[in-house]
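I opened the notebook to look up ligand surroundings, pockets and backbone oddities. The entries follow the order of the look-ups.

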Amino acid sequence: MPEIFRLNDYKEKIKNYTGLKKVTDRYPFKITSYYDNLIEKYSKRDPIYLQSFPDFKEIENSRSISNDPFREKNKQNVDKFIHRYPNRGVLLLNNICLVHCRHCMRKRIWTKKKYELNTSDINNIVSYCEKNNIEDVIISGGDPLLSEKELLDEVITKLSGLNSIKLIRIGSRLPVVAPQKINKKIISLFNKHRNLYLLTHFNHPRELTDLAMDKVKQIVKTGTYVFNQSVLLKGVNDSYKILSELFMNLLKNKIKPYYLHQCDLVKGTTHFWVKPEKGISILKKLEGYISGLAIPYFAVDLPGGKGKVLLGPNSKINKKNGKYYFKNYKGEEIIYYLNQ
Ligand SMILES: *Cc1c(COP(=O)(O)O)cnc(C)c1O
Ligand code: SF4
């Protein structure tokens, strides 16, 4: 099983160790030995290093940028369930992760006390879902696959018991950061629940190791659809070359590239931000040169919890004075602003 490394394990290996401690006081560092092994060079030119090692820019003065631009807190009518769209929602099962991905939209919760939902929390969420005719629940976190399988089974079984529920998705980074931990118990969960879908989070072709692909294959064999959500990250994957390789290799392994997310405007992530125009131009090139099956939606999550807007290769950008004007699914015009 992979070990967990903290920043003091890298005293001799990385530059600016002492300075970076300041960053990790606010946003702690954590990595698995497996993910560390994928790093070729402890340098900002390495896509795995960039995703997992702290950067001074995370704590630069950025008072105008929110910790929680999607007001996830306000969208929880019941604790730990984000209800933004009429018939679907996100359940936050725990706040446990094995790697602290530096671009994480929920990095604000890393220093919060560890939590995991208990039976009474779950019952509250399930009855909320029943009252609101929820059809589709995304179980997220943290990483839900790090909870005890009995707990996951309990949540899935209770949700599946509702008439309204049609599908349940599990969002996990375990296949990327610690595929060893995908064991028989996890695979049998996918075997048991026929309404379960897996959402993975691969951002770079180097993360598609033989071991990771073998574990995904075992889940695919249970008849489960696997979808991938990537984040467009400066220096990690913001090029046609890397994304075309990533998406084709995912598809070949029966993982459908589902979303390419514009990096969320979350405090502590500005060094990863890329302009939406760049995402669109990459999509345009992908459209010509790779299988349509391998091309994901490019999604921008609008601030204020206004929902996602999906951009395609031919999307026209409405931009004035550096501000973008996007329309959400309700037809509301939302201002999007990269206020770096
Ligand atoms: C993206 C998202 C969903 C699911 O949206 P799909 O388009 O169905 O994948 C649900 N809830 C929230 C809060 C989301 O951000
Ligand atoms: S595993 Fe997910 S929740 Fe955890 S740090 Fe990474 S992106 Fe954030």
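Entry 1. Which residues surround ligand 1? I noted beforehand that this is a predicted model. I then listed the surroundings of ligand 1 as R84, Y85, R88, V90, I138, R169, Y258, Y259, D301 and K308. By class, I put down five nonpolar, five charged and no polar residues for this shell. I also looked up which strands contribute: β3 (81-85), β4 (88-92) and β9 (255-262) each give at least two residues to the shell around ligand 1.

Entry 2. I went on to the polar side-chain atoms around ligand 1. For R88, I found an N or O atom of the side chain 2.7 Å from an oxygen atom of the ligand. For R169, a polar side-chain atom is 2.7 Å from an oxygen atom of ligand 1. For Y259, I wrote down 2.5 Å between a polar side-chain atom and an oxygen atom of ligand 1. How much of the accessible area of ligand 1 does the protein cover? On its own, ligand 1 has 380 Å² of accessible area, and I recorded that the protein covers 86% of it.

Entry 3. I turned to ligand 2. Its surroundings are C97, V99, H100, C101, C104, W110, G142, R173 and H201. I sorted that shell into five nonpolar residues, three polar residues and one charged residue.

Entry 4. Where do the two ligands sit? I found that ligand 1 takes up space that is the largest pocket, and that ligand 2 sits in the largest pocket as well. I noted a volume of about 1100 Å³ for this pocket. The lining of the largest pocket has 44 residues, and M105, R106, S140, Q229 and H261 are the ones nearest its centre. Which element gives the most to that lining? I found β9, with four residues; β9 is also one of the strands I had listed for the shell around ligand 1. By class, I recorded 22 nonpolar, 12 polar and 10 charged residues in the lining of the largest pocket.

Entry 5. I looked up the second largest pocket next. Its volume is about 290 Å³. I counted 14 lining residues from the output, with K73, Q76, K80, R108 and I109 nearest the centre of this pocket. The lining of the second largest pocket divides into eight charged, three nonpolar and three polar residues.

Entry 6. How many cavities of 30 Å³ or more does a search of the whole structure find? I got one. The largest cavity holds about 30 Å³ of space. I listed its lining as K44, Y49, L50, F53, P54 and D55. Of the residues in this lining, four are nonpolar and two are charged, with no polar ones.

Entry 7. I finished with the backbone. The peptide bond from G141 to G142 is cis, and I wrote down an omega near 15°. I placed G142 in the loop between β5 (136-140) and α5 (149-160). G142 had already come up in my list of the residues around ligand 2. What is the phi of R71 near? I noted a phi near 45°, which is positive in a residue other than glycine. I located R71 in the loop between α3 (47-52) and β3. That strand, β3, was in my list for the shell around ligand 1.

Definitions and conventions: Residues numbered from 1 in each chain as written. Chains lettered and ligands numbered in written order. Predicted model: local features only at pLDDT ≥ 70, side-chain atom pairs only at ≥ 80, totals over all residues. Heavy atoms only, no water. Near = heavy atom within 4 Å. Polar contact = N/O pair within 3.5 Å; in protein donor to acceptor, adjacent residues only side chain to side chain. Areas by Shrake-Rupley, 256 points an atom, 1.4 Å probe, with all protein chains shown as cover. 1 Å grid on protein atoms, 1.4 Å probe; cavity = no way out; pocket = protein on both sides within 12 Å on 5 of 7 lines; lining within 4 Å. Sits in = over half its atoms within 2 Å of the grid points. Nonpolar A, V, L, I, M, F, W, Y, C, P; charged D, E, K, R; others polar. Points joined across faces, edges and corners; volume = space filled by probe spheres on them.
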